[in-house]
Amino acid sequence: MKEFYWNEETIDYFAELYDLNGWAHVSQRIFSFVLNECDVQDDETYQDLFNDLIVKVEYKILKEENEWIEANLQEKELD
């Protein structure tokens, strides 16, 4: 899979959108963003951009969820 650089604010925006609306909405918004706001280079496709961005957003969401779980487990251990 090709990898691209994304502004951290872009990833944060879609991760926060997930918290409000779920995956179906986020994937539609990412697809729309890629089609309307991004330019592809010679050997790239919009699918490449979409795949990379959605993976990075998913990673951010999972990382935040794991941090939340870890914090709650540590809190319960202290009780």
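**Exercise 1. Trp-23 and its ring partner**

Task: In this predicted model, decide whether Trp-23 is buried, partly exposed or exposed, then classify the ring pair of Tyr-18 and Trp-23.

Solution:
- Start with accessibility: Trp-23 has a relative accessibility of 31%. Buried requires under 20% and exposed over 50%, so Trp-23 counts as partly exposed.
- Now turn to the rings. The centres of Tyr-18 and Trp-23 lie 5.2 Å apart, and their planes stand at 50°.
- Stacked needs planes under 30 degrees apart and edge-to-face over 60; the pair is therefore tilted.

**Exercise 2. Phe-14 and Phe-33**

Task: Work out how the rings of Phe-14 and Phe-33 are arranged, and which helices the pair links.

Solution:
- A search of the whole structure turns up five aromatic pairs. For Phe-14 and Phe-33, the ring centres are 5.6 Å apart and the planes meet at 65°, so this pair is edge-to-face.
- Next, place the two residues: Phe-14 sits in helix α1 (residues 8-21) and Phe-33 in helix α2, 19 residues apart, so the pair links distant parts of the chain.
- Check their exposure too. Phe-14 is buried, at 3% relative accessible area, whereas Phe-33, at 24%, is partly exposed.
- Finally, look around the pair: ring pairs join Phe-14 and Phe-33 with Trp-6 and Tyr-13 into a cluster.

**Exercise 3. The two sides of α1**

Task: Find which residues of α1 are buried, and which exposed residues lie on the face turned away from them.

Solution:
- Begin with the span. α1 has 14 residues and reaches 20 Å from its first C-alpha to its last, close to the 20 Å expected at 1.5 Å a residue.
- The buried residues of α1 are Thr-10, Ile-11, Phe-14, Ala-15, Leu-17 and Tyr-18. Because they cover an arc of only 155° around the axis, they fall on the same side of α1.
- On the face turned away from that buried side you will find the exposed residues Glu-9, Glu-16, Asp-19 and Leu-20.

**Exercise 4. The two sides of α2**

Task: Do the same for α2: which residues are buried, and which exposed residues does the face turned away carry?

Solution:
- Helix α2 (residues 23-37) has 15 residues, and its first and last C-alpha are 20 Å apart, close to the expected 21 Å.
- Val-26, Ile-30 and Val-34 are buried in α2. They cover an arc of only 70° around the axis, which places them on the same side of α2.
- A helpful reminder: an α-helix has 3.6 residues a turn, so residues three or four places apart point the same way.
- The face of α2 turned away from the buried side carries the exposed residues Ala-24, Gln-28 and Asn-36.

**Exercise 5. How α1 and α2 cross**

Task: Describe the relative direction of α1 and α2 and the handedness of their crossing.

Solution:
- The axes of α1 and α2 come within 8 Å and cross at roughly 150°.
- Angles over 145 degrees count as roughly antiparallel, so that is how α1 and α2 run relative to each other.
- As for handedness, the crossing of α1 and α2 is right-handed.

**Exercise 6. Two lysines of α3**

Task: Classify Lys-56 and Lys-63 as buried, partly exposed or exposed.

Solution:
- Locate them: Lys-56 is in helix α3 (residues 46-78), and Lys-63 is in helix α3 as well.
- Lys-56 has 18% relative accessibility and so counts as buried; Lys-63, at 43%, is partly exposed.
- Then compare sequence and space. Lys-56 and Ala-15 are 41 residues apart in sequence and 9.3 Å apart C-alpha to C-alpha. For Lys-63 and Glu-77, the separations are 14 residues and 21 Å.

Definitions and conventions: Residues are numbered from 1 along each chain as its sequence is written. This is a predicted model: local features need pLDDT of at least 70, side-chain atom pairs count only at pLDDT 80 or more; totals for chains, interfaces and linings use all residues. Side-chain values use heavy atoms; hydrogens and water are left out. Helices (H or I, at least four residues) and strands (E, at least two) are DSSP runs, numbered from the N terminus. The expected span of a helix is 1.5 Å times one less than its number of residues. Buried means under 20% relative accessible area, exposed over 50%, partly exposed in between (1.4 Å probe, protein chains only). The arc is that of the directions from the helix axis to the C-beta atoms. Rings of Phe, Tyr and Trp (its six-membered ring) pair if their centres lie within 6.5 Å; planes under 30 degrees apart count as stacked, over 60 as edge-to-face and the rest as tilted. Axes are lines fitted to C-alpha atoms, for helices over the stretch in contact, and angles run from 0 to 180 degrees between N-to-C directions. Angles under 35 degrees count as roughly parallel, over 145 as roughly antiparallel, 65 to 115 as roughly perpendicular and the rest as oblique. A crossing is left-handed if the near helix is turned anticlockwise from the far one by less than a right angle, and right-handed if clockwise.
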